[in-house]
Amino acid sequence: MANGSFSCRAMGVGTGDEVITTPLTVISNLDVILAQNAIPIFADIDPDTFNIDPEDVARKITPHTKAIMPVSLYGLSCDLDPLMELAERHGIMVLNDAAQAFQATYKGRRIAEIAPITSYSTENSKHITTGDGGIIVTNDEELGTQMRKFGSLGYAAMKSNDGRIRNNKDIFQDPTYKRHDAYGHNYRMPEVAAALGLAQTERMDFFVQIRRDIAAMYLDVIKKCDYLVPQHVPEGYVSSWWTFTCRYLHEDVSWQDFRNKYIEFGGDGIYAAWALLYEETVYTSGEWKRRCPPVYDALPDERPHCPNAEMVQPQLMQFVNNYGSLDEAAPMVEALAKTIQFFA
């Protein structure tokens, strides 16, 4: 969540501003918008890629829109070119939430080269991990400085390329010295956690490639199964396959019955997608409006509606693929093959 808070703050998102995001994502994407007293606006998804639909984003832009927060879901880059074009045309910013998308590429480009801010997660299920936390990258020096300061108590000495707060002790140790020139939180990652993550970056190619190889094993198993439809990877995209995710379209066998049989055959469970953000209790109950009543209580009492997301979310099946080797993954892939055969 801290990554999004850093980024929204640096982009100037504030009270009453609108931020467009997808409803099919983790609750943190809603939380970071509310943390700035901004207004979440939900754009629908593409039913094949499961990522935010740029055409619906365009329909949701208003004079109050400050930023777009797409999510590169399950390791697949969102369609960035039209989002960047919209941002330039309307004078707004794009924060690419690539929490699950280490080394994903978009039309031959690394995704971190495209949006002004790209955010990665190092939570324990990701390609590299520090236990929790994340990494933010930017190609803008001023944004980098603002994000560093916001995450470290607003120390004046911090720069985009230097996180030290005492560059010159003789200057710092002066009763008249002013340490803080910006508002900030204490979101600094412990050095031990940072060292763990830095060491894992040296093996990032391996960690990402093994997930791609396991995803290929799953794809081979389901290629003749017409009711398991995998996330579509458009031509020119390379996914990092954080998890292998399909739409489950069997009309005669329930989602739960398929999952139970998969586990019976030795499978490592099947994970459901999060409830859509606007269908979570924190949203439907109005609890979120307590964050900033002067802004939120004045909003129209209208339930968001994203028909594609509402159709796709209950169908999604996420298969684990963060195993340490192909041999470790093989029994899970075989369990899926047996389950498909059982219900043939």
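Start by selecting Val57. Leaving out residues up to four places away in sequence, Val57 touches Ile20, Ala43, Ile52, Ile68, Leu83 and Leu86. Keep in mind throughout that this is a predicted model.

**The largest nonpolar core**

Now widen the selection around Val57. The largest nonpolar core has 53 residues, and Leu24, Val57 and Ile111 touch the most other members. Several elements each supply at least two residues of this core: helices H2 (28-35), H4 (80-90), H8 (204-222), H11 (293-296) and H12 (307-312), together with E2. Which of them gives the most? Colour H4, which contributes four residues. In soluble globular proteins, nonpolar side chains tend to be buried together.

Go to Leu24 next. Leu24 sits in the loop between strand E1 (18-21) and H2. Is Leu24 buried or exposed? Its relative accessible area is 1%, under the 20% cut-off, so Leu24 is buried. Show its contacts, again without residues up to four places away in sequence: Leu24 touches Ile45, Phe50, Leu73, Ala273, Trp274, Leu276, Gln313 and Leu316. Then draw a distance from Leu24 to Tyr237. The two are 213 residues apart in sequence, and their C-alpha atoms are 20 Å apart in space.

**Another core, and Thr339**

Clear the view and select Ile210, Ile270, Leu336 and Ile340. These four are among the 28 residues of another core, which lies apart from the largest nonpolar core.

Move to helix H13 (residues 326-342) and pick Thr339, which lies in this helix. Thr339 has 0% relative accessibility and counts as buried. What is Thr339 in contact with, leaving aside neighbours within four places in sequence? Show Phe258, Lys261, Tyr262 and Phe265 as sticks: Thr339 is in contact with each of these.

**Strand E11 and its partners**

Select residues 244-248, strand E11. Five of its five residues are buried, and the strand is mostly covered. Turn on the side chains. Phe244, Cys246 and Tyr248 point one way from E11, while Thr245 and Arg247 point the other way. In a regular strand the side chains alternate between the two faces of the sheet.

Add strand E9 (residues 228-230). E9 and E11 run antiparallel, joined by three bridges. Zoom in on Val229, whose bridge partner in E11 is Arg247. Now add strand E12 (residues 316-319). E11 and E12 pair in the antiparallel sense over four bridges. Here Phe244 has Phe319 of E12 as its bridge partner.

**A three-stranded sheet**

Switch to strands E6, E5 and E10. They form an open sheet in the order E6-E5-E10, with antiparallel pairing. Why is one side of E6 and of E10 left without a neighbour in the sheet? Strand E6 (109-110) and strand E10 (237-238) stand at the edges, each with a single partner strand, so one side of each is free of a neighbour in the sheet. Strand E5 (residues 105-106) is joined to E6 by two bridges. Select Thr105 to see one residue of this pairing: Thr105 stands opposite Arg110 in E6.

**Two positive phi angles**

Step back from E5 to Gln103. This residue is in the loop between strand E4 (93-97) and E5. Its phi is near 65 degrees, a positive value in a residue other than glycine. Most residues other than glycine have a negative phi. Gln103 is partly exposed, with a relative accessible area of 29%.

Jump to Asn37, in the loop between H2 and E2. Asn37 is not a glycine, yet its phi is positive, about 60 degrees. Asn37 is buried, with a relative accessible area of 18%.

**The second largest pocket**

Finish at the second largest pocket, with a volume of about 530 Å³. Which residues lie nearest its centre? Select Tyr283, Pro300, Glu302, Arg303 and Pro304; these lie nearest the centre, in a lining of 20 residues. Now colour the lining of the pocket by class: ten residues are nonpolar, four polar and six charged. Strand E2 (39-42) and helix H10 (281-284) each supply at least two residues of the lining. E2 gives the most, with four residues. Strand E2 also supplies at least two residues of the largest nonpolar core.

How values were computed:
Residues are numbered from 1 along each chain as its sequence is written. This is a predicted model: local features need pLDDT of at least 70, side-chain atom pairs count only at pLDDT 80 or more; totals for chains, interfaces and linings use all residues. Side-chain values use heavy atoms; hydrogens and water are left out. On a 1 Å grid over the protein atoms alone, a cavity is a set of points where a 1.4 Å probe fits but cannot get out, and a pocket is an open set with protein on both sides within 12 Å along at least five of seven lines; lining residues have an atom within 4 Å of a point. Grid points are joined across faces, edges and corners, and a volume is the space filled by probe spheres set on the points. Ala, Val, Leu, Ile, Met, Phe, Trp, Tyr, Cys and Pro count as nonpolar, Asp, Glu, Lys and Arg as charged, and the others, Gly among them, as polar. Two strands pair if DSSP finds at least two bridges between them. A nonpolar core is a set of buried Ala, Val, Leu, Ile, Met, Phe, Trp, Tyr and Cys residues joined through side-chain atoms within 4.5 Å. Buried means under 20% relative accessible area, exposed over 50%, partly exposed in between (1.4 Å probe, protein chains only). Contact means heavy atoms within 4.5 Å.
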